Amino acid sequence: MKPSDSIATAVIERPTAVLGEWAGTDTAMAARSRRSVRSYSGEPIDDETVTELLTLTGRAPSAFNLQPWRFVVVRSADTRAALGAAAYGQKQITGAPVVIALYADMEDTLQHLGEVVHPDLTPEKRADTIAMLERTFGGMSVEARGVWANAQSNIALGYLLLLARAQGLDTSPMLGFEAPKVKALLGIPEHATVTALVSLGHGAEEGFVSHRHDVERITRVL
């Protein structure tokens, strides 16, 4: 057994001994217990739960508060079947009651800068901020803006996965799919970047218990 295996097991089985008082927080418990689940029960998820999940996910930090992430909630069995075909037949897409497509759309963001600039700023300050953002991103190509926005959306993806687990839900993030087919199926603009597909539901399995690096392996202190 690798050292990281034993630590992962200890964190799951004896969280307080490993993490101290923080072990009892919702965040720590979600991080500790979250696994990628590919088989789901037939238990439905109501609209209120999904709305709350995405509302909280939208609290993810974002440079300039631009929030370029967008979501498509897929419930239709027919649409999930077509989406599954575009994602190489991954069974969690057709098995979960909900699939969330997370994508980044910087062009939509730039067309609606008034929505992301703080409403309490003075009219002058708002105008200056919008002009600054137009200068900053206007000189970039659509592709470069897309890369930047996708990096931002990956922050939201992390929030989504942890928050779902804190709500008692299971997920499986997927990056394996044919993006043009996914965009066409879900009405996502061609210029946008599909960050991930995420199955969401109540697991019919516990999921694989993965091991992680020791913190010393991935951290340097200067």
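In helix α9 of this predicted model, the residues R145, G146, A149, N150, Q152, S153, A156, L157, L160, L161 and A164 are buried. An α-helix has 3.6 residues a turn, so residues three or four places apart point the same way. Helix α9 itself comprises 25 residues and spans 36 Å from its first C-alpha to its last, a value close to the 36 Å expected at 1.5 Å a residue. Just after the end of α9, G168 adopts a positive phi of about 85°.

The sheet of the model is open and consists of four strands in the order β1-β2-β4-β3, with antiparallel pairing. Strands β1 (69–74) and β3 (170–174) occupy the edges, where each has a single partner strand, so that one side of each remains without a neighbour in the sheet. From one strand to the next, the twist averages 20°. Strands of a sheet pair through backbone hydrogen bonds, either parallel or antiparallel. Between β3 and β4 (residues 193–201), which run antiparallel, five bridges are found, and D170 has G201 in β4 as its bridge partner. Helix α9 packs on this sheet, touching β1, β2, β3 and β4, and its direction makes about 10° with that of β4. Helix α4 (residues 47–57), in turn, lies across β1, β2 (98–104) and β4, and runs at about 165° to β1.

Two aromatic pairs are present in the structure. In one of them, F64 and F137 are arranged edge-to-face, with 5.9 Å from centre to centre and 85° between the planes. This pair links distant parts of the chain, since F64 lies in the loop between α4 and β1 and F137 in helix α8 (residues 123–138), 73 residues apart. With a relative accessibility of 43%, F64 counts as partly exposed, whereas F137, at 2%, counts as buried. The rings of F137 and W148 have centres 4.8 Å apart and planes at 65°, and because an angle over 60 degrees counts as edge-to-face, this pair is also assigned to that class. Here F137 in helix α8 is linked to W148 in helix α9, the two being 11 residues apart. W148 is partly exposed, with a relative accessible area of 22%. Together, F64, F137 and W148 form one aromatic cluster.

Six salt bridges are present in the structure. Among them, R145 and E107 meet through their side chains at 2.9 Å, N to O, and this contact links helix α9, which holds R145, with helix α7 (residues 106–111), which holds E107, across a separation of 38 residues. Both partners fall under the 20% limit and are therefore classed as buried, R145 having a relative accessible area of 9% and E107 a relative accessibility of 15%.

A further salt bridge joins D47 to R75, the closest N and O atoms being 3.0 Å apart. D47 belongs to helix α4 and R75 to the loop between β1 and α5 (77–86), so that distant parts of the chain, 28 residues apart, are linked. In this pair, D47 is exposed, with a relative accessible area of 53%, while R75 counts as partly exposed at 31% relative accessibility. In the salt bridge between E178 and K181, the closest N and O atoms are 3.3 Å apart; E178 counts as partly exposed at 27% relative accessibility, as does K181 at 47%.

Conventions: Residues are numbered from 1 along each chain as its sequence is written. This is a predicted model: local features need pLDDT of at least 70, side-chain atom pairs count only at pLDDT 80 or more; totals for chains, interfaces and linings use all residues. Side-chain values use heavy atoms; hydrogens and water are left out. Two strands pair if DSSP finds at least two bridges between them. Axes are lines fitted to C-alpha atoms, for helices over the stretch in contact, and angles run from 0 to 180 degrees between N-to-C directions. Contact means heavy atoms within 4.5 Å. Rings of Phe, Tyr and Trp (its six-membered ring) pair if their centres lie within 6.5 Å; planes under 30 degrees apart count as stacked, over 60 as edge-to-face and the rest as tilted. Buried means under 20% relative accessible area, exposed over 50%, partly exposed in between (1.4 Å probe, protein chains only). The expected span of a helix is 1.5 Å times one less than its number of residues. A salt bridge is a side-chain nitrogen of Lys or Arg within 4 Å of a carboxyl oxygen of Asp or Glu.
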